[in-house]
Amino acid sequence: MPHSQTSAPRDSLAGVRLARGASPWLLPTVATAAVSLTAARARRSGRWAAVAVPATALAAGMLWFFRDPEREIAQGRVISPADGVVQSIMPWKDGRTRVAIFMSPLNVHVNRAPLAGTVTSVEHIPGGFVPAFNKESENNERVVWHFDTELGDIEMVQIAGAVARRIVPYIPQGTKVEQGERIGLIRFGSRVDIYLPEGVEVAVEVGQPTVAGVTRLDRD
């Protein structure tokens, strides 16, 4: 049966569910907006109003970007680890198939476990910061995950983009995860690649939107 997934604790603000790891970006932005709005109203100052308008817009944008909604986790052997759009589907030399999902700044950027299993490795690899839709983004800053699952070893890669300079893993090596469990955050535009094992037929196509924990990637 589908299940509602709750995992690592999240940051919160005014009842809005926010991604864990959002506070360093959100708190200064929201504080600036609150102070400038208060000053603009109290002093009827045009200068403070000029600060308050963009600060409030930025704070609202940050709240939207760092949202972390609950999801009813779908059934299926492999589900999408990311919200976004399927950027490419590429057969790999070892028989696996790589499904690359591009995440725009408008997407939820909390990533989820594609299968239940045990995290066997979480490796941070330094690199560049070219736009995530660029082919050269394969050499970007990234975190490579491996999961021991009922389908064997599953590799997933979180890739930073031109603006995303921070990938925040939520769980360490050795952790057992449920399918759809929150495992990490990529701040701002980015990409997530997942490698489907040999023999697993891909159920999505290039250009198709995906929802983390909801969109099934494999076909029966």
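Which residue in S16 is the bridge partner of Gly 84? In this predicted model, the position opposite Gly 84 in strand S16 is taken by Thr 210. The pairing belongs to a short antiparallel contact, in which two bridges join strand S5, residues 84-91, to S16. On the S6 side, S5 is joined to strand S6, residues 97-103, by six bridges, and these two strands likewise run antiparallel. Within that pairing, Met 90 stands opposite Arg 98 in S6. S5 and S6 together form a hairpin with five residues between them, and Gly 95, which lies in the turn, has a positive phi of about 100 degrees.

These strands are part of an open sheet of eight strands, whose order is S12-S8-S9-S10-S14-S6-S5-S16 and whose pairing is antiparallel. Strand S12 (176-177) and strand S16 (209-210) stand at the edges with a single partner strand each, so that one side of each has no neighbour in the sheet. At the S12 edge, two bridges connect S12 to strand S8, residues 117-125, again in the antiparallel sense, and Gly 117 is placed opposite Val 177 of S12. In general terms, the strands of a sheet pair through backbone hydrogen bonds, in either a parallel or an antiparallel manner.

A further open sheet consists of three strands in the order S7-S13-S11, with antiparallel pairing. Its edges are formed by strand S7 (110-112) and strand S11 (167-169), each of which has a single partner strand, so one side of each remains without a neighbour in the sheet. Neighbouring strands of this sheet are turned against each other by 25 degrees on average, when direction is ignored. The antiparallel pairing of S7 with S13 extends over three bridges, and in this pairing the bridge partner of Asn 111 is Gly 184 in S13.

Turning to charged side chains, the count of salt bridges comes to 10. One of them joins Asp 68 and Arg 182, with an N to O distance of 2.8 Å. Asp 68 lies in the loop between helix H2 (46-65) and strand S4 (72-73), whereas Arg 182 is in strand S13 (residues 182-186), so the pair ties together parts that are 114 residues apart in sequence. Both Asp 68 and Arg 182 are buried.

Another salt bridge is formed by Arg 96 and Asp 94, whose closest N and O atoms are 2.8 Å apart. The two partners fall into separate accessibility classes: Arg 96 is buried, because its relative accessible area is 18% and the limit for burial is under 20%, whereas Asp 94 counts as partly exposed at 43% relative accessibility.

The side chains of Arg 216 and Asp 220 also meet in a salt bridge, with 2.5 Å from N to O. Here Arg 216 is partly exposed, its relative accessible area being 25%, while Asp 220 is exposed, with a relative accessible area of 76%. Both residues take part in a network of salt bridges that links Arg 77, Arg 216, Asp 218 and Asp 220.

Arg 216 also appears in the surroundings of Val 204, a residue that Arg 216 touches. Val 204 is located in the loop between strand S15 (201-202) and S16, and at 7% relative accessibility Val 204 counts as buried. When residues up to four places away in sequence are not counted, Val 204 is in contact with Val 86, Ile 89, Val 99, Thr 215, Arg 216 and Leu 217. For one of these partners, Thr 215, which is 11 residues from Val 204 along the chain, the C-alpha atoms of the pair are separated by 8.7 Å.

As regards internal space, the structure holds one cavity of 30 Å³ or more, and the volume of the largest cavity is about 30 Å³. The residues that line the largest cavity are Asp 68, Pro 69, Arg 71, Asp 83, Val 108, Val 110, Arg 112 and Ala 212. Asp 68 thus occurs both in this lining and in the salt bridge with Arg 182.

Technical notes: Residues numbered from 1 in each chain as written. Predicted model: local features only at pLDDT ≥ 70, side-chain atom pairs only at ≥ 80, totals over all residues. Heavy atoms only, no water. Pairing = 2+ DSSP bridges. Helix = DSSP H or I, 4+ residues; strand = E, 2+ residues; numbered from the N terminus. Salt bridge = Lys/Arg side-chain N within 4 Å of Asp/Glu carboxyl O. Buried < 20%, exposed > 50% of the residue type's maximum accessible area, 1.4 Å probe, protein only. Axes fitted to C-alpha atoms, helices over the stretch in contact; angles between N-to-C directions. Contact = heavy atoms within 4.5 Å. 1 Å grid on protein atoms, 1.4 Å probe; cavity = no way out; pocket = protein on both sides within 12 Å on 5 of 7 lines; lining within 4 Å. Points joined across faces, edges and corners; volume = space filled by probe spheres on them.
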